[in-house]
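Here are my notes on the model, set out as numbered points. Please read them with the structure open.

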Amino acid sequence: MASELRVDKIIPATGVPTGGGGGIIQIQQTVKTDTWAGDSANNYPAFEEVTGFNVSITPKFSTSKLLVTAQINCASQYWIVMGQLWRGIGGATRSVLDAATADAAGNRPRCTFHSLGYGGGNDSYNHYNPSVNFLDSPNTTQAVSYSIAMRSYSSSYNVYMNRNHDDRDQTDYYGRAISTITVMEVSA
């Protein structure tokens, strides 16, 4: 006979220390195995949300923290990929999560991550591997969704996920990859 134990929270026998917590209540993840190409010509200078790369979680407690991690495989047509973490609460359209971006400084784009690489003459082969690790406090029990938005530094150059710019059907420089976005509800 199989047994099953279901609980909302486990507290140590000695109790939770002041300001303690940190137990994982639930985890949600999205794995993107297909590719995506941004449309810089039509969207620059706006950040463009990556299609099919979002994750949603409904916190059990409004006091919970949400730990968002993302491992991103991306590329650019030329040099630079900038990215932001976006959030939506309760069915609202996702938009930039200000707390997860850099302070404003003149005309500089506010980013969660910024990848710069130069392949010595041919950026068509490059893959960048930025990551995101952010502890959010949405203070809600409504569904919360997170996504990644990216852009290039010019309307002339596209950005990509899980592929490089050339993406030729060859075995040498044109590998495909996956990207993941995970959110964990952490007890306060």
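1. **Strand S2 and its partner.** Trp 36 has Met 161 as its bridge partner in S11. Keep in mind that this is a predicted model. S2 and S11 run antiparallel, and two bridges join them.

2. **The three-stranded sheet.** S2 belongs to an open sheet of three strands. The order is S2-S11-S5, and the pairing is antiparallel. Which strands stand at the edges? They are strand S2 (36-37) and strand S5 (74-76). Each has a single partner strand, so one side of each is left without a neighbour in the sheet.

3. **Overall make-up.** The protein chain has one helix and 12 strands. From the N terminus, the elements run β-β-α-β-β-β-β-β-β-β-β-β-β. Of its 188 residues, 39% are buried. Take the contacts between residues at least 6 apart in sequence: 82% of them join residues at least 24 apart.

4. **The largest nonpolar core.** This core has 26 residues. Those with the most contacts inside it are Ile 72, Leu 85, Tyr 146, Ile 148, Met 150 and Ile 181. The elements that give it two or more residues are strand S3 (48-57), strand S4 (65-71), strand S6 (80-89), strand S9 (131-136), strand S10 (144-151), strand S11 (159-161) and strand S12 (179-186). Another core lies apart from it and has six residues. Among them are Ile 80, Met 82, Trp 86 and Ala 149.

5. **Strand S9.** S9 pairs with S4 through six bridges, and the two run antiparallel. One bridge partner to look up is Val 132 in S9, which goes with Ala 70. Side chains in a regular strand alternate between the two faces of the sheet. In S9, the covered face carries Val 132, Phe 134 and Asp 136. The uncovered face carries Ser 131, Asn 133 and Leu 135.

6. **Ser 145.** This residue sits in strand S10. Is Ser 145 buried or exposed? Its relative accessible area is 12%. The cut-off for buried is under 20%, so Ser 145 counts as buried. The side chains of Ser 145 and Arg 94 are joined by a polar contact of 3.2 Å. Leave aside neighbours within four places in sequence, and Ser 145 is in contact with Val 55, Ser 56, Trp 86, Arg 87, Gly 88 and Arg 94. Trp 86 is also one of the residues in the six-residue core.

7. **Thr 141.** Look next at the loop between S9 and S10, where Thr 141 is found. Its relative accessibility is 43%. Partly exposed covers the range between under 20% and over 50%, so Thr 141 counts as partly exposed. Which residues does Thr 141 touch, not counting those up to four places away in sequence? They are Thr 58, Pro 59, Lys 60, Phe 61 and Ser 62. Thr 141 and Ser 62 are 79 residues apart in sequence. In space they are 5.2 Å apart, C-alpha to C-alpha.

8. **Positive phi values.** Asn 139 lies in the loop between S9 and S10. Its phi is near 55°, a positive value in a residue other than glycine. Asn 139 is exposed, with a relative accessible area of 58%. Asp 167 is not a glycine either, and has a positive phi of about 50°. Asp 167 is found in the loop between S11 and S12.

9. **A cis peptide bond.** The bond from Tyr 44 to Pro 45 is cis, with omega near 10°. Pro 45 is in the loop between H1 and S3. Please check this bond when you view the model.

10. **The cavity.** Rolling a probe the size of a water molecule over the atoms shows where empty space is left. A search of the whole structure finds one cavity of 30 Å³ or more. The volume of the largest cavity is about 60 Å³. Its lining is Gly 38, Asp 39, Ser 40, Asn 43, Tyr 44, Ala 46, Glu 48, Met 150, Arg 151, Ser 152 and Val 159. Helix H1 (40-43) and S10 are the elements that give two or more residues to this lining. Tyr 44, from the cis bond, is one of the lining residues. So that the link to the core is clear: Met 150 lines the cavity and is among the residues with the most contacts inside the largest core.

Conventions
Residues numbered from 1 in each chain as written. Predicted model: local features only at pLDDT ≥ 70, side-chain atom pairs only at ≥ 80, totals over all residues. Heavy atoms only, no water. Core = buried A, V, L, I, M, F, W, Y, C linked by side-chain atoms within 4.5 Å. Buried < 20%, exposed > 50% of the residue type's maximum accessible area, 1.4 Å probe, protein only. Helix = DSSP H or I, 4+ residues; strand = E, 2+ residues; numbered from the N terminus. Polar contact = N/O pair within 3.5 Å; in protein donor to acceptor, adjacent residues only side chain to side chain. Contact = heavy atoms within 4.5 Å. Pairing = 2+ DSSP bridges. 1 Å grid on protein atoms, 1.4 Å probe; cavity = no way out; pocket = protein on both sides within 12 Å on 5 of 7 lines; lining within 4 Å. Points joined across faces, edges and corners; volume = space filled by probe spheres on them.
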